[in-house]
Amino acid sequence: MAQCAKSLTAAFVALEKGGPIMEHCIEINRLENEADGIGRSAVANLFDQEKDPITLIKLKEVYEFFEATIDNCEDVADVLQNVAVKNS
């Protein structure tokens, strides 16, 4: 999530200065794909290892929050990509 935020910041700085933003958008997409795999693995491990149902539910919600946040970063990157393409 932190790396996505850094890449988004760099993309907005590049957009403001008229620089290239596509490399940042591509990196955000790569990070989102990587996060998907990590998230799936974390949830699978959670169901394998966690015995307390309340803790399981809480942690699953935290993982889902992280997933949604990273998905939103990717959505912003997609909009930035469209802006870059339309203005080129």
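# Exercises on a three-helix protein

Helix H2 (22-49) and helix H3 (53-86) are among the elements that cover the buried residues of H1. Keep in mind as you work that this is a predicted model.

## Exercise 1: The overall build

**Task.** Find how many helices and strands the protein has, and work out whether it is a compact globule or more spread out.

**Solution.**
Step 1. Count the elements: the protein has 3 helices and 0 strands.
Step 2. Put them in order: starting at the N terminus, they run α-α-α.
Step 3. Compare the radius of gyration with the globule rule. The protein has a radius of gyration of 16 Å, and the rule gives 12 Å for 88 residues; 16 Å is well over that, so the protein is more spread out than a compact globule.
Step 4. Look at the principal axes: the C-alpha trace spans about 55 × 20 × 15 Å along them.
Step 5. Turn to burial and surface. Of the 88 residues, 26% are buried. The protein exposes about 5,900 Å², and carbon and sulfur atoms supply 60% of this area.
Step 6. Finish with the contacts. Of those between residues at least 6 apart in sequence, 66% join residues at least 24 apart.

## Exercise 2: Checking the helix lengths

**Task.** Use 1.5 Å a residue to check the spans of H1, H2 and H3.

**Solution.**
Step 1. Begin with H1 (residues 2-17). Its 16 residues should span 22 Å, and the C-alpha atoms at its ends lie 23 Å apart, which agrees.
Step 2. Go on to H2. This helix has 28 residues and reaches 40 Å from first C-alpha to last, close to the expected 40 Å.
Step 3. End with H3. For its 34 residues the expected span is 50 Å, and the end C-alpha atoms are 49 Å apart, which agrees.

## Exercise 3: The two sides of H1

**Task.** Work out where the buried residues of H1 sit around its axis.

**Solution.**
Step 1. List the buried residues: in H1 they include Cys4, Ser7, Leu8, Ala11 and Ala14.
Step 2. Look down the helix axis. The buried residues of H1 fall within an arc of 125 degrees, so they line one face of the helix.
Step 3. Recall a general point: an α-helix has 3.6 residues a turn, so residues three or four places apart point the same way.
Step 4. Turn to the face away from the buried side of H1: there you find the exposed residues Ala2, Lys6, Glu16 and Lys17.
Step 5. Step past the end of H1. Glycine 18 follows, and its phi is positive, near 75 degrees.

## Exercise 4: How the helices pack

**Task.** Name some buried residues of H2 and H3, then follow the contacts of leucine 8 and histidine 24.

**Solution.**
Step 1. In H2, the buried residues include His24, Cys25, Ile28 and Leu31. H1 and H3 are among what covers the buried residues of H2.
Step 2. In H3, the buried residues are Leu56, Ile70, Cys73, Glu74, Ala77, Leu80 and Gln81. They pack against H1 and H2.
Step 3. Take leucine 8, which lies in helix H1. Its relative accessible area is 11%, so leucine 8 is buried. Beyond its neighbours within four places in sequence, leucine 8 is in contact with Ile28, Cys73, Val76, Ala77 and Leu80.
Step 4. Leucine 8 and cysteine 73 are 65 residues apart along the chain, yet their C-alpha atoms are separated by 7.4 Å.
Step 5. Move to histidine 24, in helix H2. With a relative accessible area of 17%, histidine 24 is buried. If residues up to four places away in sequence are not counted, histidine 24 touches Ser7, Ala10, Ala11 and Ala14.

## Exercise 5: The cysteines

**Task.** Explain why cysteine 4 and cysteine 73 do not form a bond.

**Solution.**
Step 1. Recall the term: a disulfide is a covalent bond between the sulfur atoms of two cysteines.
Step 2. Set the cut-off: the two sulfur atoms must be within 2.5 Å.
Step 3. Check cysteine 4. The closest cysteine sulfur is in cysteine 73, 4.8 Å from that of cysteine 4, which is too far for a bond.
Step 4. Check cysteine 25. The nearest cysteine sulfur, that of cysteine 4, is 11 Å away, and cysteine 25 is in no disulfide.
Step 5. Conclude: the structure holds 0 disulfides.
Step 6. Add the burial. Cysteine 4 counts as buried at 2% relative accessibility, and cysteine 25 is buried with a relative accessible area of 0%.

Conventions. Residues numbered from 1 in each chain as written. Predicted model: local features only at pLDDT ≥ 70, side-chain atom pairs only at ≥ 80, totals over all residues. Heavy atoms only, no water. Helix = DSSP H or I, 4+ residues; strand = E, 2+ residues; numbered from the N terminus. Expected span 1.5 Å × (residues − 1). Buried < 20%, exposed > 50% of the residue type's maximum accessible area, 1.4 Å probe, protein only. Arc of directions from axis to C-beta. Contact = heavy atoms within 4.5 Å. Rg over C-alpha atoms; globule rule 2.2 N^0.38 Å. Areas by Shrake-Rupley, 256 points an atom, 1.4 Å probe, with all protein chains shown as cover.
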